[in-house]
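Biologist: I am new to this structure. Please pick a single part and take me through it closely.

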Amino acid sequence: MIRSLMFIVTLFVASTSFAQTLTFGIVPQQSASRLAEQWTPIMDYISETTGIKVVFSTAPDIPTFEQRLANGMYDIAYMNPYHYTVFSHQPGYRAIVKAKDKQIRGIIVARKNDPIESIQQLDNSKLAFPSPAAFAATILTQSDLNRAAVNYEADYVSSHDSVYLGVAKGFYPAGGGVMRTFLSLPEVIKSQLKLIWRTAPYTPHAIAVHPRLTTETAEKVQSALVALDSSQTGEKQLAQLSLKGFVNAQDRDWNDVRKLNITILD
C-alpha cells in the first residue's frame, strides 16, 4: 500500500514539476543547430532554477523570426536592439535583461589574405549581409558605408555565419556581422578573416518577455538569467555565447537606438 502511494505521488510530482512551458525564441544569427548547442544548456538551467519549463526555439531566417515576433509566438525572445524598439511597441515585449558590460558594434570582415584594409576599397563591390533589419551587422554597417560614399550591392544571405562563410570562401570581398558572432566562430573559419571596420557602439540585444507573462514569471526568469554567471557552469555556458553575463534591463535602455529613427519594419 505504501509503495503504491509513493508511486502515485512520484507520478504526480513528475507531471506537475513543470506546470508551465515557455518558448524562448533566439534570433537566427547563426545556424539552428549551432544556436541550439549554445542556448539549450541555458534553457535547461532556467527550467531547473525556476521550475518553469523553457524550451529553445528559433526561425529559419531573420525575416521569419521578425514575423513570429510580430505575431507574439515567443514567450521570451533574444532579439536585436532594433527589433526590440519595434516589438516593444507591438505586440508589447518588455525587456528583462541585456548583456553585462557590453555594447553592440557592427563589424565588416574581409579575407585575411586579401589586400583590403579599408571600407573605401569596397567601392563597387557586392557585399554580404544577414538581412535588411539586422541592426548592427546590416543597418549600422550600411549606414557607415553610405556615409563614406562607398557604392555597393547588398546580398542578404540569412545569417551571420553565412556572411562569414561566404567571405572566407571568396564569394564576397567583405560582409557585415557583429563581434559576438565573429568571436564564437569555429577557428577554422575565423582564422581566415580579418576585421576592417567597426561601427559606433549601441545598447546590445534584449532578452524580452511577451506581455502575456505574469510579472512573477518574468521576474523568475530575469533572476535566473542575472544569476547565471555566479557559477562555473554558468560561466562556461555564457562563454559559448561570448558573453560575460546578464544584468537587469529597462525599456529606456534602448532609447539610443530609438533616436536613430530606423523605419525598415514600420
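Modeller: Phenylalanine 135 and tyrosine 202 are both buried, meaning under 20% relative accessible area (exposed is over 50%, partly exposed in between, with a 1.4 Å probe and protein chains only). This is a predicted model: local features need pLDDT of at least 70, side-chain atom pairs count only at pLDDT 80 or more, and totals for chains, interfaces and linings use all residues. Residues are numbered from 1 along each chain as its sequence is written, and side-chain values use heavy atoms, without hydrogens or water.

Now the rings. Rings of Phe, Tyr and Trp (its six-membered ring) pair if their centres lie within 6.5 Å; planes under 30 degrees apart are stacked, over 60 edge-to-face, the rest tilted. That rule gives eight aromatic pairs. Phenylalanine 135 and tyrosine 202 form one of them, and the pair is edge-to-face because the ring centres are 5.7 Å apart and the planes stand at 85 degrees. Phenylalanine 135 sits in helix 5, while tyrosine 202 sits in the loop between strand 9 (193-198) and strand 10 (206-209), so the pair ties together parts 67 residues apart in sequence. Helices (H or I, at least four residues) and strands (E, at least two) are DSSP runs, numbered from the N terminus.

Phe135 also helps line the largest cavity. A cavity is a set of points, on a 1 Å grid over the protein atoms alone, where a 1.4 Å probe fits but cannot get out; lining residues have an atom within 4 Å of a point. A search of the whole structure finds one cavity of 30 Å³ or more. The volume of the largest cavity is about 60 Å³, taken as the space filled by probe spheres set on the points, which are joined across faces, edges and corners.

What lines the largest cavity? The lining includes Val27, Ile62, Ala136, His160 and His205. Helix 5 (residues 135-147) gives the largest share, three residues. By class, seven lining residues are nonpolar, four are polar and none is charged. Here Ala, Val, Leu, Ile, Met, Phe, Trp, Tyr, Cys and Pro count as nonpolar, Asp, Glu, Lys and Arg as charged, and the others, Gly among them, as polar.

Where does the largest cavity lie? It lies between domain 1 (21-102 + 203-259) and domain 2 (106-198), because both give residues to its lining. The domain bounds come from an automatic or database assignment.

Definitions and conventions:
On a 1 Å grid over the protein atoms alone, a cavity is a set of points where a 1.4 Å probe fits but cannot get out, and a pocket is an open set with protein on both sides within 12 Å along at least five of seven lines; lining residues have an atom within 4 Å of a point.
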